[in-house]
Amino acid sequence: MLELMTFLDTFNWPTTLSGEGVAVILLAFFGVCYGLEQLFPHRKPIKRRGSYGTNLGLFAVNNTVLSLLSVSSLFLLAQHYAEQGLLRYINHPAAQMIVAFLVLDLLLYLWHRACHSFDGLWLFHRVHHNDPYLNTSTALRIHILELLITNLLKAGYVVLLGVDQLMMMVNEMLITLLTLFHHTNIAFKGEQWLGKLLIMPYLHRAHHSTERYEHDSNYGAALSVWDRLFGTLNEREPEAIGLNGHQPQALIGLFKLGFNIATPASVPQSLPVELEMMIAEAAYYRAEKRDFSPGYELLDWLEAKNDIFKLVYGHEPNQKKQGKYGLLVLG
């Protein structure tokens, strides 16, 4: 330990890092991940070109909007509040950097978990989950409103800790690099070993499972220690990726998906009493399986409705060709 502290004291920490330099690093890393997917794909690509095109298009739109709103850059905020927050009580620059990274990663873990726990947040977050081909560009598939809220949370983090511009840029770069990597469609020896500390592709594949009990896990952005600590780690290999049912894949469709609870098709004012009772019993069974943890009530009912409609009518309620119901499943 003494040797480590001596090294940190003598290490020449960088004092500047340009935005252009970070952009080049991220672009180069994206290219490396893309190349690895082509050479060593874990799963056979499904509509790969469409997935990349949609995800990159959404990324471009999001960044344009955020730039116009001056939200995407937190660096001016960091410049103003640097050395005014809690980090000023830590004298060592290396220790400040480590604490700032850990707090940011924990914040993103809690925010990600909240997006799965509350119906209103899941409406927007499911846009990220509806990609049927998990790949590097899936990391960029984020609904604009989710991105805005994420940036507001990061703004609070910058002010509270007094994070300076260098720390903010380094942390953003590291989190983004690791996020791009764990979405990459690859598998390699040593993943399980590295997964004891970091979120690896095999862990994040489970998070993108079509099965609810599997994708409500592995919320970490960089470190897997939060999932281990809070009991949300899942090391299963999912059978399928994405969301169940027909999901929009075009750019406009993804934007609308964040707001649609029901489709424009005619949704019935009421269901037969017997059918309502069956759905209620199925929803209760789902809630009982997860110990009645709050935040899932609407999703329990919708998934129960899917199951009952399949059993009774042989199709899901959102399949218009088979019936008159048009409720959109949240996944």
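**Exercise 1.** What percentage of the 331 residues in the protein is buried?

*Solution.* First, the ground rules: this is a predicted model, where local features need pLDDT of at least 70, side-chain atom pairs count only at pLDDT 80 or more, and totals for chains, interfaces and linings use all residues. Residues are numbered from 1 along each chain as its sequence is written, and side-chain values use heavy atoms, leaving out hydrogens and water. Now take "buried" as under 20% relative accessible area (1.4 Å probe, protein chains only). Buried residues come to 46%.

**Exercise 2.** Work out how α5 and α7 pack.

*Solution.* Start with the helices, which are DSSP runs of H or I with at least four residues, numbered from the N terminus. The protein has 15 of them and 0 strands. Next, fit axes to the C-alpha atoms over the stretch in contact, with angles from 0 to 180 degrees between N-to-C directions. For α5 (93–117) and α7 (residues 144–161), that gives about 145° and axes 11 Å apart. Then list who touches whom, with contact meaning heavy atoms within 4.5 Å: α5 brings residues including F101, L104 and W111, while α7 brings, among them, I149, L153 and Y157.

**Exercise 3.** Place L86 and say which patch L86 belongs to.

*Solution.* L86 sits in the loop between α4 (75–81) and α5. At 48% relative accessible area, L86 is partly exposed, a class running between 20% and 50%. Together with Y89 and L160, L86 forms a nonpolar surface patch of about 350 Å² accessible area. Patch members have over 30% relative accessible area and no salt bridge (a Lys or Arg side-chain nitrogen within 4 Å of an Asp or Glu carboxyl oxygen), and nonpolar side chains are joined within 5 Å. Accessible areas come from Shrake-Rupley with a 1.4 Å probe.

Note on methods:
Patches are made of residues with over 30% relative accessible area and no salt bridge: like charges are joined within 9 Å, nonpolar side chains (Val, Leu, Ile, Met, Phe, Trp, Tyr) within 5 Å. Helices (H or I, at least four residues) and strands (E, at least two) are DSSP runs, numbered from the N terminus.
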